Amino acid sequence: MTIPKLIAPGSMNLTAISTGKALRRTIYVLIVALAFGAPLIASAGTWQPLLNQPPITEIVDPLGNDYGPGGAAAPLLLTDGGVLVQVAGFFGEDARVFKLTPDINGSYIKGTWLQLASKTYIGSASAQAVLADGRVIIEGGEYSGYGYDFTLTNQGTIYDPVANTWTSVAPPRFFVDLDPPRAVFAPHPIGDASSVVLPDGTFMLQDKMSRQAALLNLKSMKWTETGTHTKTDWNDEEGWTLLPDGSVLTVDCYTDSLFLGTPYPTDPTNSEMYSPQTQTWSSAGSTKISLTDPLLFETGPAVLRPNGTVFAVGSDGHTAIYDSREESWSNGPTLPMTNGNQATAQDAPGSLLPDGQVLFAASVGATKPGQYTNPPVAFFQFDGKKLIREPTIPNAANDVSGSIQMVILPTGQVLEVDGTNDVEIYTPSNGTHDPEWQPEIHTAPLVVSRGKTYELTGVRFNGMSQGTMFGDEDQSATNYPLVRITNLRTHHVFYSRTHDHSSMAVASQRTVSTHFDVSADQEIGMSKLEVVANGIASGARLVNVR
């Protein structure tokens with residue numbers, strides 16, 4: 001469940017503090033760190049605002065009703081290197097979509113915006129993914145309509161980035177009213193569901209309000225039911241993490257007890273594994289400590305790291321680590337207390353950085369049992385053993401963990417949005433990575449022509465992880481290859497749109513392929529070609545652009 005944005009944008013204008021010179025921003029970060037009890041770490045990463053913030057205007061419905069300022073939300077990295085964002089503000093949302101394109105030197109901070117075609121429906125807190133063919137799919141949503149109507153909508157849509165068009169997708173008709181609470185929502189509801197693109201490119205979607213899930217055949221656009229009779233509890237609030245063997249990991253959140261009145265388990269620590277081969281769920285063991293809670297039923301991100309472990313952050317501040325090789329769980333570090341308040345991740349994003357550490361958001365304000373933790377929002381890194389407090393964003397005093405979304409950029413940076421027009425870029429202090437994690441090109445053309453399509457083969461084209469995870473909805477996975485071509489004379493950077501990846505498997509050593517369309521604007525001459533996945537680039541290949 002995404003937290004509705006109920007804090008008035010004008011209640012504390014911290015953004016204005018950061019719009020001056022770099023010195024003013026540094027002073028601001030120091031003040032926030034001291035005020036919120038954060039250690040001052042010399043090697044910490046940095047946040048920087050876009051020089052050109054998104055031109056998102058007021059949200060106004062066709063009758064002229066004004067729902068306040070619009071902002072950037074739910075980012076997705078397109079396969080041409082652009083970043084797609086949807087529009088959602090504090091008090092309303094609409095169907096507009098914008099795209100950020102890096103500048104000629106590859107900088108997202110200096111990038112420019114373009115308004116794309118609008119979606120076929122208004123919805124937020126949805127299931128979403130970039131597909132293996134390069135298109136974008138968005139399904140369902142916790143809220144719909146201009147005023148955040150709580151409908152658990154069943155609408156869906158697919159975006160074609162070449163044609164710049166959206167096409168509606170019919171919901172799975174077998175998402176039927178199995179349990180009484182569903183009757184108050186949309187027929188065949190999807191809601192704030194999780195989704196995942198399986199290794200073979202199949203899109204898998206939850207039915208939030210049951211144990212059902214669906215597989216979408218992207219050629220026939222037909223849904224097939226999967227896993228229903230083997231799932232232990234409802235899907236509601238549970239995230240899905242793709243593992244190296246192609247299976248899907250989830251941590252149970254037990255909302256059956258809320259909607260059906262079944263007893264809440266005495267040991268709420270079960271996790272489950274979905275097998276695409278058998279299309280069944282089975283137990284993945286106990287998480288040792290609960291990662292959800294009996295009142296809000298939320299959880300945080302569960303991010304696969306390059307060593308095969310999944311770092312899972314719980315709603316109450318506990319963490320656990322799943323070893324996919326040993327198939328076992330162990331306790332992780334507990335989030336710290338800040339000014340007497342327990343940090344929580346009641347829906348939160350987490351991104352795998354190029355060095356293998358995980359950056360994630362947490363709420364660190366006051367809280368009461370059964371209520372969401374208040375602002376401010378803080379950021380932490382998990383280095384494999386301990387948690388490290390990171391600088392926070394200018395809007396921290398207005399934000400909670402559930403209002404933050406992030407996505408990894410091909411530069412190794414992380415783009416952050418919070419439903420305002422202050423989009424921030426996080427640059428890690430350590431930009432290095434293990435060479436064993438980077439994509440490796442096996443075959444590539446020596447000569448390419450602008451506007452033409454070519455094939456690449458190699459290994460690790462999808463990276464070592466999905467990259468970025470959220471509690472349940474608003475997924476922004478980046479486990480697919482981007483192609484970056486840099487002119488050796490001008491050093492200008494161009495991304496070629498990739499599509500038709502042969503696999504979406506993570507941390508795989510199998511040879512895979514992708515196709516790329518050389519941009520019509522690509523500069524001619526000798527250039528270097530790289531494949532990038534989750535912010536890590538391959539070794540360069542020389543290519544002559546004609």
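Me: In which strand is Thr157 found?
Reply: A word on the model first: it is predicted, local features need pLDDT of at least 70, side-chain atom pairs count only at pLDDT 80 or more, and totals for chains, interfaces and linings use all residues. Residues are numbered from 1 along each chain as its sequence is written, and side-chain values use heavy atoms, with hydrogens and water left out. Strands (E, at least two residues) and helices (H or I, at least four) are DSSP runs, numbered from the N terminus. Thr157 belongs to the run of residues 149-160, strand E11.

Me: Is Thr157 buried or exposed?
Reply: Buried means under 20% relative accessible area, exposed over 50%, and partly exposed in between, with a 1.4 Å probe and protein chains only. The relative accessibility of Thr157 is 0%, so Thr157 is buried.

Me: With which side chain does the side chain of Thr157 make a polar contact?
Reply: A polar contact is a pair of N or O atoms within 3.5 Å; within protein, one must be able to donate a hydrogen and the other to accept it, and residues adjacent in sequence count only if both atoms are side-chain atoms. The side chain of Thr157 reaches the backbone oxygen of Thr167 at 3.3 Å, but that partner is backbone. The side-chain partner, at 3.1 Å, is Thr120.

Me: How far apart in space are Thr157 and Lys119, C-alpha to C-alpha?
Reply: In sequence, Thr157 and Lys119 are 38 residues apart. From C-alpha to C-alpha, their separation in space is 7.2 Å.

Me: Over the face of which residue does Lys119 lie?
Reply: A charge sits over a ring if NZ of Lys or CZ of Arg is within 6 Å of the ring centre and within 35 degrees of the ring normal. Lys119 is at 5.9 Å from the ring centre of its partner, Tyr121.

Me: Which strand gives the most to the largest nonpolar core?
Reply: A nonpolar core is a set of buried Ala, Val, Leu, Ile, Met, Phe, Trp, Tyr and Cys residues joined through side-chain atoms within 4.5 Å. The largest one has 54 residues, and Val83 and Tyr108 are among the members that touch the most others. With four residues, the top contributor to this core is strand E5.

Me: How are the rings of Tyr274 and Trp281 arranged?
Reply: Rings of Phe, Tyr and Trp (its six-membered ring) pair if their centres lie within 6.5 Å; planes under 30 degrees apart count as stacked, over 60 as edge-to-face and the rest as tilted. Tyr274 is buried at 0% relative accessibility, and Trp281 is buried at 5%. The centres of these two rings are 5.3 Å apart with planes at 55°, so the pair is tilted.

Me: Which residue lies over the face of Trp281?
Reply: Besides its ring pair with Tyr274, Trp281 has a charge over its ring. At 5.5 Å from the ring centre sits Lys231.

Me: Which residue takes a positive phi in the hairpin of E19 and E20?
Reply: Two strands pair if DSSP finds at least two bridges between them. Strands E19 (residues 270-275) and E20 (residues 280-286) run antiparallel and are joined by six bridges, with Ser271 standing opposite Gly285. Four residues lie between the strands, and the one with a positive phi near 55° is Gln279.

Me: At what distance does the side chain of Arg460 reach the backbone oxygen of Gln438?
Reply: Arg460 is in the loop between strands E36 and E37, and its relative accessibility of 7% makes it buried. Its side chain reaches the backbone oxygen of Glu436 at 3.1 Å. For the backbone oxygen of Gln438, the distance is 2.8 Å.

Me: Why is strand E38 largely enclosed by the rest of the structure?
Reply: In a regular strand the side chains alternate between the two faces of the sheet. In E38, Leu482, Arg484 and Thr486 point one way and Val483, Ile485 and Asn487 the other, and all are buried. E38 is largely enclosed because the buried residues number six of the six.

Me: Which residue of E41 stands opposite Thr486?
Reply: E38 pairs antiparallel with E39 (residues 493-499) through four bridges, where Val483 stands opposite Ser496. Six bridges join E38 to E41 (residues 525-533), also antiparallel. In E41, the residue opposite Thr486 is Lys528.
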